[in-house]
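Could you work through some exercises on this protein chain with me? Each one has a task and then a solution in steps.

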Amino acid sequence: MNNWHERRRFLRQTVSIRTGAIVALWLCALFSLAASAGELNSAQLDRRNGQNRLILDTSAPVDPDSFVLDHPARIVIDLPNTRPGDTPSLDAIQSDAIKDIRHGIRHGHDLRLVLDMTRSFTEDDIQLESASNGRRVILTLGKPQASAHSETHQSTATPPDDLRDIVIAIDPGHGGKDSGAIAPDGTMEKNLVLPIARYVARDIDRQDGFRAFLTRDNDTFVSLRGRVREARKHNADFFISIHANTVDSSNPRGTMVFALSRHGATSTMASWMARKENHASMLGNGGSLDLEGRSALMRRTLLDLSLEAKVNDSLEAGEDMISAIRKVNPVYKSDVEQANFAVLRSPDIPSLLVETDFLSNAHGLARLESSSFRRKLADAIAHGIEAHFRKTPPMGSLLAWRPGASRPHCRSCCPARER
């Protein structure tokens, strides 16, 4: 009898140990799955060549899938092992093809996006692809159905040979012997802004009708004269200088966007920033307008008109850029600031200076040291400048030729438009 009780107790202990081991393994698997799960970082809509491209960025590689539903028209995107992250960017997406985007979790760990469409699409009308080592998902929608006249016009019209790209100069601040601002941990501004500038140039180059170039693509010192000379050499339509902040306090954080002010800074912060940036690498120079043979009064008038038009154009572009940036990073000031940065003083090229964040703020510094955040911020900067030019493309550009483009205007010589 005693032996029988001993055997029962032994069997119970064995079953308990095995059950505990199974539960432990299950919990380990569950925690491992949760640790490796990705998150939706951002969503944006890109329109070009008559197509809508929904671009989703995730924090981990994902193997996406999609399918089409009718009655009502919907497109479903499944992102396995992904959590909803930046849902406000999903809510902001609407177009002539996409009415709304809904999302939910399936099977406890898969993110499903449901796109409510304005019209039906077939499987042949959509293309789903991955990029950036699986961390970017791109859904391309074929051109929405249009009238026969419209389709014929689009298929037969070809752009003239003399149309040009819109050229954007991307200027990574400082470089070489000029380290720029230095964070408390020794991180130098020049090393943070260069990769951001490279991402901005990459994003702009990917847009049809745009071309970007960098004033420096390595750790070299380039004077302001050299930067502006390169911009004029490439006939740049816009100049964007990228920097990072530092102040005596660790509290301020967020992005600031500056345009030139003819009459001085518009805030104490802007004034302090202008004094900080106007050092040896930021020596100003004159414009490149053709003033030869003009009277003194005519020269002053032409310069004033050019500068006024350039400042107004810069302010409008700055507003578009802030709208894009606030989706990925706080903005320190909700409006475009104006200051007398020497790097912006050229009456023939509209320009902006973007202070990406404060190196003196621990959270701001950590974000700027993150390659993932630098990509997101660069995407926003590029999106802001692209949005501006799509509304007001310059004459003679491919963007201005396309049907449906806004009425082009002259930036460098016409009086300022009312804002």
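The exercises below go from the whole chain to single residues, and the model they rest on is a predicted one.

**Exercise 1. The whole chain**

Task: State how many helices and strands the protein chain has, and what share of its residues is buried.

Solution: Start with the secondary structure: there are 10 helices and 15 strands. Next, take burial: of the 419 residues in the protein chain, 47% are buried. Finally, look at contacts with a separation of 6 or more: 72% of them join residues 24 or more positions apart.

**Exercise 2. The nonpolar cores**

Task: Find which residues touch the most other members of the largest nonpolar core.

Solution: The largest nonpolar core holds 65 residues, and those touching the most other members are Ile-168, Ile-170, Val-200, Ile-204, Ile-240, Ile-325 and Ile-385. Pick Val-200 and list its contacts beyond four places in sequence: Ile-170, Ile-242, Ala-378, Ile-381 and Ala-382. Another core lies apart from this one; it has 25 residues, including Leu-45, Val-68, Ala-97 and Phe-121.

**Exercise 3. Ile-168**

Task: Decide whether Ile-168 is buried or exposed, and list what surrounds it.

Solution: First place the residue: Ile-168 is in strand β10, which covers residues 166–172. Ile-168 counts as buried because its relative accessibility is 0%, and the cut-off for burial is under 20%. Now collect its contacts, setting aside neighbours within four places in sequence: Ile-204, Phe-210, Arg-211, Ala-212, Phe-213, Phe-238, Ile-240, Ile-385 and Phe-389. As a last step, compare sequence with space: Ile-168 and Asp-237 are 69 residues apart in sequence, while their C-alpha atoms are 5.9 Å apart.

**Exercise 4. Helix α5 and the cavity**

Task: Work out which strands the buried residues of α5 pack against, then describe the largest cavity.

Solution: Helix α5 spans residues 224–233, and its buried residues are Leu-224, Gly-226, Arg-227, Val-228 and Ala-231. These buried residues pack against β10, β11 (210–214) and β12 (238–245). Just after the helix, Asn-235 has a positive phi of about 55 degrees.

Turn to the cavity. A search of the whole structure finds 1 cavity of 30 Å³ or more, and the largest has a volume of about 50 Å³. Its lining consists of Val-228, Ala-231, Phe-239, Val-343, Leu-344, Ser-346, Ile-349 and Ser-351. Sorting the lining by type gives 6 nonpolar residues, 2 polar and no charged.

**Exercise 5. Two buried polar side chains**

Task: For Asp-57 and then for Asn-361, settle whether the residue is buried or exposed, and find the polar partners of its side chain.

Solution: Begin with Asp-57 in strand β2 (residues 51–58). Asp-57 is buried because its relative accessible area is 10%, and burial means under 20%. Its side chain makes a polar contact of 2.7 Å with the side chain of Arg-136. Beyond four places in sequence, Asp-57 also touches residues including Glu-39, Ser-42, Arg-135 and Asp-379.

Continue with Asn-361, in the loop between β15 (351–358) and α8 (362–368). Asn-361 counts as buried because its relative accessibility is 9%. A polar atom of its side chain lies 2.9 Å from the backbone oxygen of Ser-250. A polar atom of the Asn-361 side chain also lies 2.8 Å from the backbone nitrogen of Gly-364. To finish, leave out residues up to four places away in sequence: Asn-361 touches Ser-250, Asn-251, Pro-252 and Arg-253.

Terms used:
Residues are numbered from 1 along each chain as its sequence is written. This is a predicted model: local features need pLDDT of at least 70, side-chain atom pairs count only at pLDDT 80 or more; totals for chains, interfaces and linings use all residues. Side-chain values use heavy atoms; hydrogens and water are left out. Helices (H or I, at least four residues) and strands (E, at least two) are DSSP runs, numbered from the N terminus. Buried means under 20% relative accessible area, exposed over 50%, partly exposed in between (1.4 Å probe, protein chains only). A polar contact is a pair of N or O atoms within 3.5 Å; within protein, one must be able to donate a hydrogen and the other to accept it, and residues adjacent in sequence count only if both atoms are side-chain atoms. Contact means heavy atoms within 4.5 Å. On a 1 Å grid over the protein atoms alone, a cavity is a set of points where a 1.4 Å probe fits but cannot get out, and a pocket is an open set with protein on both sides within 12 Å along at least five of seven lines; lining residues have an atom within 4 Å of a point. Grid points are joined across faces, edges and corners, and a volume is the space filled by probe spheres set on the points. Ala, Val, Leu, Ile, Met, Phe, Trp, Tyr, Cys and Pro count as nonpolar, Asp, Glu, Lys and Arg as charged, and the others, Gly among them, as polar. A nonpolar core is a set of buried Ala, Val, Leu, Ile, Met, Phe, Trp, Tyr and Cys residues joined through side-chain atoms within 4.5 Å.
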